[in-house]
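I opened the file to look up a handful of local details and then the overall layout. My notes follow in the order I made them.

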Amino acid sequence: PPLLKCRSVKGIFDSELKQVHALLAAQARESLGMAMIFDLVNSAKEWMRSRAGVVDVVEETPEQLAQRLEEEAEARLKAMRATGTAVTVESFNRWVEQHEAEEALRRIKAGASALSTGPG
């Protein structure tokens, strides 16, 4: 059987280490002569999840991940549209300055256009 050594990195008691080691050693004895590392790792993960009370995690395919991220982005955008953009005095003043600069530029361009297309 493989040499198994369980160490506590953080938050696992010695009694729990003995418990998971016994579980993995028993599974290793049952799997002698077969490939077992994958099974041992999965057993250890299941033990950790059950200890932590975590529901089995379903791994996503890249397509499922992309779909979920897109749906989350759409939900955030929808929420932003529902609440609108927060307007402060500072943001309003920046908008006014930008708008006035754009209008002045538009008037200058319109005036230059009228001069270049004037009677001639």
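Which polar atom lies 2.9 Å from the backbone nitrogen of Phe13? I looked it up in what is a predicted model, and found that the atom belongs to the side chain of Glu16.

**Entry 1, Glu16.** I placed Glu16 in helix α1, which covers residues 14-30. I then checked its exposure: the relative accessibility is 15%, so I entered Glu16 as buried, the cut-off being under 20%. Setting aside residues up to four places away in sequence, I listed what Glu16 touches: Gly11, Trp47 and Arg51.

**Entry 2, Trp47.** I followed one of those contacts to Trp47, which sits in helix α2. Is Trp47 buried or exposed? I read a relative accessible area of 12% and noted Trp47 as buried. Without its neighbours within four places in sequence, I found Trp47 in contact with Ile12, Glu16, Gln19, Val20 and Leu23. I also took a C-alpha to C-alpha distance from Trp47 to Asp14: 15 Å in space, with the two positions 33 residues apart in sequence terms.

**Entry 3, Met48.** I moved on to Met48, also a residue of helix α2, whose range is residues 37-52. I got a relative accessibility of 38% for Met48, so I filed this residue as partly exposed. How far apart are Met48 and Val20 in space, C-alpha to C-alpha? I computed 8.9 Å, for a pair 28 residues apart in sequence.

**Entry 4, whole chain.** I counted four helices and zero strands in the protein. From the N terminus on, I wrote the order down as α-α-α-α. I obtained a radius of gyration of 33 Å, well over the 14 Å that the globule rule gives for 120 residues, so I noted the protein as more spread out than a compact globule. Along the principal axes, I found that the C-alpha trace spans about 100 × 35 × 25 Å.

**Entry 5, burial and contacts.** I noted that 12% of the 120 residues are buried. Among contacts with a separation of 6 or more, I found that residues 24 or more positions apart account for 38%.

**Entry 6, surface and charge.** I got about 10400 Å² of exposed area for the protein, with carbon and sulfur atoms supplying 60% of it. I counted 16 positive and 18 negative side chains. I last looked up the centres of the two charge sets, which lie 5 Å apart.

Definitions and conventions. Residues are numbered from 1 along each chain as its sequence is written. This is a predicted model: local features need pLDDT of at least 70, side-chain atom pairs count only at pLDDT 80 or more; totals for chains, interfaces and linings use all residues. Side-chain values use heavy atoms; hydrogens and water are left out. The radius of gyration is taken over C-alpha atoms; the globule rule is 2.2 Å times the number of residues to the power 0.38. Buried means under 20% relative accessible area, exposed over 50%, partly exposed in between (1.4 Å probe, protein chains only). Contact means heavy atoms within 4.5 Å. Accessible areas come from the Shrake-Rupley method with a 1.4 Å probe; for residues, only the protein chains shown count as cover. Lys and Arg count as positive and Asp and Glu as negative; His and the chain ends are not counted. The place of a charge is taken as NZ of Lys, CZ of Arg, CG of Asp or CD of Glu. A polar contact is a pair of N or O atoms within 3.5 Å; within protein, one must be able to donate a hydrogen and the other to accept it, and residues adjacent in sequence count only if both atoms are side-chain atoms.
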